[in-house]
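Grab a pencil and try these short exercises. Each one comes with a worked solution, so you can check yourself as you go.

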Amino acid sequence: MSYAPLLITNRHVVKDVAKMTITITRKDGDGPKIGDAMSLSFDNTECPILLHPDPSVDLAAIMIGSIIQQYTNSLFIPYFSVPDLPTENELRNINVMHDIIMIGYPDSISDEVNHMPIFRKGITATRPDLNYDGKKTFLIDASCFPGSSGSPVLSYDNGIYQLETKDFTIGNQIKLIGIQSATFIHNSTGNIVPIEIPTQIIPGITVQIPNNLGIVVRSTCILDFKPLLPLIPR
């Protein structure tokens with residue numbers, strides 16, 4: 001079996017980046033050792049950045065295998081794999097007003113002691129199986145602020161939900177349905193325009209007011225990186 005560990009984020013987040021630092025919690029048995037984390041710094045020669053082959057898709061993949069491979073026994077690295085992405089049939093079963101969870105660091109808020117991310121809840125505002133405005137995106141009704149770029153967006157079913165076979169079952173299910181990319185804002189003229197979400201807060205006066213509609217890249221676009229990847233034997 002082969003695999004290719006990737007850190008998925010937005011194209012606009014890494015387009016001018018030469019060096020990055022990621023912080024990962026250490027492992028305690030099979031779980032995280034809360035409050036004990038390691039920071040790893042690298043440049044884009046050590047960990048190449050792949051931009052999505054379609055320039056209109058705001059996705060990038062950082063090939064982090066070379067720096068995390070030596071720490072796989074000491075770091076807690078939960079990850080999504082292909083089965084965690086919805087199939088086209090599963091996407092069609094996710095309608096509007098479906099519960100979603102977004103994980104990230106809105107407004108650069110982070111827990112510097114426990115190193116845990118911020119979980120937020122919202123709903124789908126458009127059907128994720130339809131290309132919003134002709135692009136490979138859909139909308140969510142959730143607060144999206146600086147720091148939300150690259151946040152995974154998960155569909156959340158808790159109770160009765162429909163399977164790909166059209167049968168219904170009871171339980172809970174989480175699927176990675178998208179990556180947060182941009183948000184709609186009211187600008188100084190009162191017009192509503194979409195903007196990429198900045199990765200940090202810039203001090204000063206602002207007249208851009210988010211209207212809580214986020215633009216999310218469909219997670220199926222992640223599979224488009226597969227032909228570009230060198231696989232690593234397990």
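Below are six exercises, each followed by its solution.

Before you start: this is a predicted model, where local features need pLDDT of at least 70, side-chain atom pairs count only at pLDDT 80 or more, and totals for chains, interfaces and linings use all residues. Residues are numbered from 1 along each chain as its sequence is written, and side-chain values use heavy atoms, with hydrogens and water left out.

**Exercise 1. Get an overview of the chain.**
How many helices and strands are there in the chain?

Solution.
- Step 1: Go through the DSSP runs, numbered from the N terminus (helices are H or I with at least four residues, strands are E with at least two). You'll find three helices and 14 strands.
- Step 2: Check burial, where buried means under 20% relative accessible area, exposed over 50%, and partly exposed in between (1.4 Å probe, protein chains only). Of the 234 residues in the chain, 38% are buried.
- Step 3: Look at contacts, meaning heavy atoms within 4.5 Å. Among those with a separation of 6 or more, 68% join residues 24 or more positions apart.

**Exercise 2. Find the nonpolar cores.**
Which residues have the most contacts inside the largest nonpolar core?

Solution.
- Step 1: Recall the term: a nonpolar core is a set of buried Ala, Val, Leu, Ile, Met, Phe, Trp, Tyr and Cys residues joined through side-chain atoms within 4.5 Å.
- Step 2: The largest core has 17 residues, and Ile8, Leu50, Leu59, Leu176, Ile179 and Ile222 have the most contacts inside it. Strands E6 (60–63), E7 (99–104) and E11 (168–186) each give two or more residues to this core.
- Step 3: Zoom in on Ile179. Leaving aside neighbours within four places in sequence, its contacts include Ile8, Leu59 and Ile222, along with Gly150 and Pro152.
- Step 4: Now look for another group. A second, separate core has 14 residues, including Met38, Leu40, Cys47 and Ile68.

**Exercise 3. Lay out a sheet.**
In which order do the three strands of the open sheet with E2 stand?

Solution.
- Step 1: Strands count as paired if DSSP finds at least two bridges between them. The order is E2-E6-E5, with antiparallel pairing.
- Step 2: Strands E2 (6–9) and E5 (49–51) are at the edges with a single partner strand each, so one side of each has no neighbour in the sheet.
- Step 3: On average, neighbouring strands here are turned by 25° against each other, direction ignored (axes are lines fitted to C-alpha atoms).
- Step 4: E5 and E6 pair over three bridges, and Leu51 stands opposite Ala60 in E6.

**Exercise 4. Follow E7 to its partner.**
Why is E7 described as largely enclosed by the rest of the structure?

Solution.
- Step 1: Five of the six residues of E7 are buried, so the rest of the structure largely encloses this strand.
- Step 2: E7 pairs with E8 in the antiparallel sense over six bridges. In this pair, Ile103 stands opposite Phe119 in E8.

**Exercise 5. Compare two threonines.**
Which backbone atoms lie 2.9 Å and 2.7 Å from polar side-chain atoms of Thr126 and Thr124?

Solution.
- Step 1: Thr124 is in strand E8 and is buried, at 1% relative accessible area. Thr126 lies in the loop between E8 (118–124) and E9 (137–141), and counts as buried at 17% relative accessibility.
- Step 2: For Thr126, the atom is the backbone nitrogen of Leu139, at 2.9 Å. For Thr124, the atom is the backbone oxygen of Asn95, at 2.7 Å.
- Step 3: Beyond four places in sequence, Thr126 touches Val96, Tyr132, Phe138 and Leu139. Thr124 touches, among others, Val96 and Leu139.

**Exercise 6. Check two phi angles.**
Is Asp133 buried or exposed?

Solution.
- Step 1: Most residues other than glycine have a negative phi.
- Step 2: Asp133 is not a glycine, yet its phi is positive, about 55°. Asp133 sits in the loop between E8 and E9, and counts as exposed at 65% relative accessibility.
- Step 3: His115 also has a positive phi, near 55°. You'll find His115 in the loop between E7 and E8, partly exposed at 27% relative accessibility.

Definitions and conventions:
A polar contact is a pair of N or O atoms within 3.5 Å; within protein, one must be able to donate a hydrogen and the other to accept it, and residues adjacent in sequence count only if both atoms are side-chain atoms. Axes are lines fitted to C-alpha atoms, for helices over the stretch in contact, and angles run from 0 to 180 degrees between N-to-C directions.
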